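Please walk through the paragraphs below with the sequence and the model side by side. They begin with strand pairing and then turn to the core, a few single residues and the cysteines.

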Amino acid sequence: MYRYFIYMSYSGTAYCGWQNQPNGTSVQQRLEEALATILRRPTPVTGAGRTDAGVHARLMVAHMDAETPPDDVPFLAGKLNGLLPHDISVNKIVPVRPDAHARFDALLRTYRYTVTGVKNPFNHEWVCRMSLKKLDFALMNEACRTLYRHHNFTSFSKLHTDVKTNDCRIDHAEWTQEGDLWIFTIRANRFLRNMVRAVVGTLLEVGWGRRSVDGFERLIEAKDRRLAGASADAKGLALVDIVYPDDIFI
């Protein structure tokens with residue numbers, strides 16, 4: 001058996017999230033069904049994380065084990081793209097060490113949340129549209145910088161999850177403008193369930209003047225999800241990058 005990393009992209013609009021769920025169709029389910037058809041045996045995959053329902057991925061990584069030798073991997077990627085629906089694509093499949101793990105070996109993950117004040121029929125499924133007239137992005141970026149001073153982000157985590165720690169190391173968080181789009185980029189070694197959407201929702205409260213920068217930091221210190229803002233709409237969020245150590249690749 002060989003182990004491979006599958007690099008893929010998807011629009012999350014039609015799915016209940018990355019991970020298999022009893023109440024809907026997941027991206028993982030579609031990928032495993034396509035692999036089982038091609039390889040003629042059940043082929044479970046393990047993702048680098050689990051994006052929520054409606055969240056997109058410009059880059060998701062999953063690992064699988066298969067008898068397919070590395071020379072046949074380009075053929076496998078092409079066959080998968082022929083079977084997968086239009087909103088899921090496999091970008092490449094690369095051989096890795098037998099003990100490499102898509103989730104646990106990831107060093108950094110990057111998400112982007114995109115908002116706009118302009119109606120555009122070509123990006124309405126991937127961008128959150130809202131009024132930006134009263135949003136103070138400079139103030140939101142000031143609040144972003146307080147994230148670097150903290151490690152426990154319980155205040156931005158979905159309640160009653162099975163994780164052992166709510167500690168994360170954020171090394172980048174910033175709003176930048178690209179034309180009529182404003183993009184929030186956040187990078188960390190790991191993220192909690194619903195964390196990015198909760199951070200965005202609370203930063204928007206700062207931008208609208210409903211919460212001060214000091215108040216934003218105090219709610220982080222409180223470690224209480226009830227004090228943070230509502231989660232931002234899923235469709236504006238996308239996983240865009242995952243970094244791994246070089247030595248896991250063959």
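Two strands are said to pair if DSSP finds at least two bridges between them, and the strands themselves (E, at least two residues), like the helices (H or I, at least four residues), are DSSP runs numbered from the N terminus. The model discussed here is predicted, so that local features need pLDDT of at least 70 and side-chain atom pairs count only at pLDDT 80 or more, while totals for chains, interfaces and linings use all residues. Residues are numbered from 1 along each chain as its sequence is written, and side-chain values use heavy atoms, with hydrogens and water left out.

A convenient place to begin is strand S5, residues 108-116. Eight bridges join S5 to strand S8 (residues 181-188), and the two run antiparallel; within this pairing, Val115 has Trp182 of S8 as its bridge partner. S5 is also joined by six bridges to strand S9 (residues 237-243), again in an antiparallel arrangement, where Thr110 is partnered with Asp241. The pairing of S5 with strand S6 (residues 128-129) is parallel and consists of two bridges, with Thr116 bridged to Arg129 of S6. S5 is mostly covered, since eight of its nine residues are buried, where buried means under 20% relative accessible area, exposed means over 50%, and partly exposed lies in between (1.4 Å probe, protein chains only).

From the strands we can move to the nonpolar core, a term that stands for a set of buried Ala, Val, Leu, Ile, Met, Phe, Trp, Tyr and Cys residues joined through side-chain atoms within 4.5 Å. The largest such core has 80 residues, and those that touch the most other members are Phe5, Leu80, Phe156, Trp175, Phe184 and Tyr244. Helix H4 (residues 195-207) gives the most to this core, with eight residues. In soluble globular proteins, nonpolar side chains tend to be buried together. Taking contact to mean heavy atoms within 4.5 Å, and leaving aside neighbours within four places in sequence, Trp175 is in contact with residues including Tyr113, Val115, Cys144, Trp182, Phe184, Val200 and Leu203.

Helix H4 itself is mostly covered, with 13 of its 13 residues buried. It reaches 18 Å from its first C-alpha to its last, close to the 18 Å expected at 1.5 Å a residue, the expected span being 1.5 Å times one less than the number of residues in the helix. Backbone angles deserve attention around this helix: Asn194, found in the loop between S8 and H4, has a phi near 70°, a positive value in a residue other than glycine, and at 17% relative accessibility Asn194 counts as buried. Just after H4, Gly209 takes a positive phi of about 80°. Elsewhere, Arg40, in the loop between H1 and strand S2 (46-47), has a phi near 60°, also a positive value in a residue other than glycine, but Arg40 is exposed, with a relative accessible area of 78%.

Two further residues show how positions distant in sequence are related in space. Ser11 lies in the loop between strand S1 (2-10) and helix H1 (27-39) and is buried, with a relative accessible area of 12%. Its side chain makes polar contacts (pairs of N or O atoms within 3.5 Å; within protein, one must be able to donate a hydrogen and the other to accept it, and residues adjacent in sequence count only if both atoms are side-chain atoms), one of 3.4 Å with the side chain of Thr13 and one of 3.2 Å with that of Trp126. Val213, found in helix H5 (residues 213-222), is in contact with Leu139, Glu142, Ala143, Thr146 and Val206 when neighbours within four places in sequence are left aside. By contrast, the C-alpha atoms of Val213 and Pro98, 115 residues apart along the chain, are separated by 46 Å.

The cysteines remain. Why does the structure hold zero disulfides, a disulfide being a pair of cysteine sulfur atoms within 2.5 Å? For Cys128, the closest cysteine sulfur is that of Cys144, and because it is 16 Å away it is too far for a bond. Cys144 is likewise in no disulfide, the nearest cysteine sulfur, in Cys168, being 15 Å away. Both cysteines are covered: Cys128 is buried at a relative accessible area of 9%, and Cys144 is buried at 0%.

Note on methods: Disulfide = S-S within 2.5 Å.
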